[in-house]
Amino acid sequence: MDLEFLPSPLPDRPGLFIRDPYRYTDAAIIVPPLLVEGLAFFNGQQTELDLQAHLVRITGDLVSVEIVRQLLQALGEQGFLQTATFDGMKAAKHQQFCDAPLRSPIHAGAAYPAEDAALRERLDRFSADGATPPEPDPNLVGPNLVGIAAPHVSPDGGWRSYAAAYRRLGEPHTDKTFIILGTSHYGAPEKFGLTRKPFVTPLGTLEPDLALIDELAAAGGEAALLEDYCHSIEHSIEFQCVFLQHKLGNGIKIVPLLCGPLAESLVTGRPPESNDQVRRFFDALGELGAKHAGKLVWILGIDLAHIGRRYGDQTPARAEEGHLTGVRRADEERLARVCASDSEGFFELVHPGQDELRWCGYAPVYTFLRAVPGVRGEVLRYEQWNIDEQSVVSFAGMQFTTKTRRHKEH
């Protein structure tokens, strides 16, 4: 059930498109409309004869059991069934990632150019063309940036918000370690994934801060997963690495941290730290942040609401139109709590209805608010984007600063 099911993108091949987001198999299949209903029979409780009888009923023709067996064989060999073959494929991929010396740029060539020159040209254009964000509060003391939040949506869709956030970084930050809190779209609930691997992109290699990673892994308890396989497939941190390299080069160090869904809190309505393992990890991350505060900058790779047909809604969505104007207001209400460093108020807006806005950035945002309390946030840009004709993702570029202010002259 970890597979993704989508309408076929090919007009001449209608049906159900199935792929594996974990990439245990690189295959993708389109199940014809006639056979889609038959997928309900793959539940471990029904037989080949049950599926054969179903096909006979819906076609009115005699369907050979050999056709059913061919379907079973094809799905099983490609890793789309829960079988010993799939278990072997999964174990092999996990071991392959564990043994790899580097974290490869798995989304290069798809989400962004795979060649250095082409990628730099695109990022230069994004940086130059973005609307100028608001100036920071002049009463805030100099180089007091604590962190930024940027989207993890496709750079081609979210570049204005990326640009607004990454403009806040500059030469004073080239000697810092960047703790990157990314959404773990496929990670285990209430878990936080770390890796000690350098991140490679077409722009070069970002080295991990091994001392901080090991410190956090040791103190974080059972909620901390070292060499989490999700790092091998996740884009939310990879995209931040690309923008960091473009802005600051390869001399900085990173702590890549994937935040799994805080699902228990949405079901129970109790804050995430009600879970002892999650609370221990929050405490460990907060202690690490306070201990090394002068050398750290935090990066949040987050998107906000997910609305429309792609996300299970019955009605299509258009950015900034119709009911999406209400989504903007709800997003802004949540962002106001984030900017006020109000983790309790933020949670009270998120958990009703198990997060009706489907903020996939909920876990990284809440983790940041608990680990780095008392910061002052500022929304530099807010956007809604049609990821397809009927579905919208919202996101923002933000900055977080200390609350220290200059003394006014009398």
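1. The largest cavity. In this predicted model, helix H9 (residues 263-268) contributes more to the lining of the largest cavity than any other element, giving 3 residues. The space inside the largest cavity comes to about 50 Å³, and the residues that line it are Glu190, Glu264, Ser265, Thr268, Arg270, Pro271, Pro272, Ser274, Asn275 and Val278. Sorted by class, this lining holds 3 nonpolar, 4 polar and 3 charged residues.

2. The second largest cavity. The count of cavities of 30 Å³ or more is 2, and the second largest cavity has a volume of about 30 Å³. Its lining is made by Tyr112, Leu119, Leu123, Pro155, Phe239, Val242 and Phe243, with helix H5 (116-129) and H8 being the elements that give two or more residues to it. H8 gives the most to the lining of the second largest cavity, with 3 residues. By class, the lining of the second largest cavity has 7 nonpolar residues, with no polar and no charged ones.

3. The second largest pocket. About 890 Å³ of space lies in the second largest pocket, and helix H2 (48-59), helix H3 (65-77), helix H4 (84-99) and strand S6 (192-194) are the elements that each give two or more residues to its lining. In total 43 residues line the second largest pocket, and those nearest its centre are Met1, Leu3, Phe80, Leu81 and Gln82. The lining of the second largest pocket divides into 24 nonpolar, 13 polar and 6 charged residues.

4. Ser232 and its surroundings. Ser232 is placed in the loop that runs between strand S9 (224-226) and helix H8 (236-248). Because its relative accessible area is 14%, which falls under the 20% limit, Ser232 counts as buried. A polar atom of the Ser232 side chain lies 2.7 Å from the backbone oxygen of Tyr229, and, once neighbours within four places in sequence are left aside, Ser232 is in contact with Phe97, Arg103 and Ile106.

5. Two positive phi values in one loop. A reader checking the backbone may wish to look at the loop between helix H12 (343-350) and helix H13 (362-371), where Asp355 is found, and where Arg358 is found as well. Most residues other than glycine have a negative phi. Asp355, which is not a glycine, has a positive phi near 70°, and Arg358, also a residue other than glycine, has a positive phi of about 55°. As for accessibility, Asp355 is buried, with a relative accessible area of 7%, whereas Arg358, at 30%, counts as partly exposed.

6. Cysteines and disulfides. How many disulfides does the model contain? The count comes to 0 disulfides. For Cys241, the closest cysteine sulfur is that of Cys259, and the two sulfurs are 14 Å apart, so they are too far from each other for a bond, given that a disulfide needs sulfur atoms within 2.5 Å. Cys259 is likewise in no disulfide, since the cysteine sulfur nearest to its own, in Cys360, is 12 Å away and the limit is 2.5 Å. Both of these cysteines are enclosed by the protein in terms of accessibility: Cys241 is buried with a relative accessible area of 0%, and Cys259 counts as buried at 1%.

Key
Residues are numbered from 1 along each chain as its sequence is written. This is a predicted model: local features need pLDDT of at least 70, side-chain atom pairs count only at pLDDT 80 or more; totals for chains, interfaces and linings use all residues. Side-chain values use heavy atoms; hydrogens and water are left out. On a 1 Å grid over the protein atoms alone, a cavity is a set of points where a 1.4 Å probe fits but cannot get out, and a pocket is an open set with protein on both sides within 12 Å along at least five of seven lines; lining residues have an atom within 4 Å of a point. Grid points are joined across faces, edges and corners, and a volume is the space filled by probe spheres set on the points. Helices (H or I, at least four residues) and strands (E, at least two) are DSSP runs, numbered from the N terminus. Ala, Val, Leu, Ile, Met, Phe, Trp, Tyr, Cys and Pro count as nonpolar, Asp, Glu, Lys and Arg as charged, and the others, Gly among them, as polar. Buried means under 20% relative accessible area, exposed over 50%, partly exposed in between (1.4 Å probe, protein chains only). A polar contact is a pair of N or O atoms within 3.5 Å; within protein, one must be able to donate a hydrogen and the other to accept it, and residues adjacent in sequence count only if both atoms are side-chain atoms. Contact means heavy atoms within 4.5 Å.
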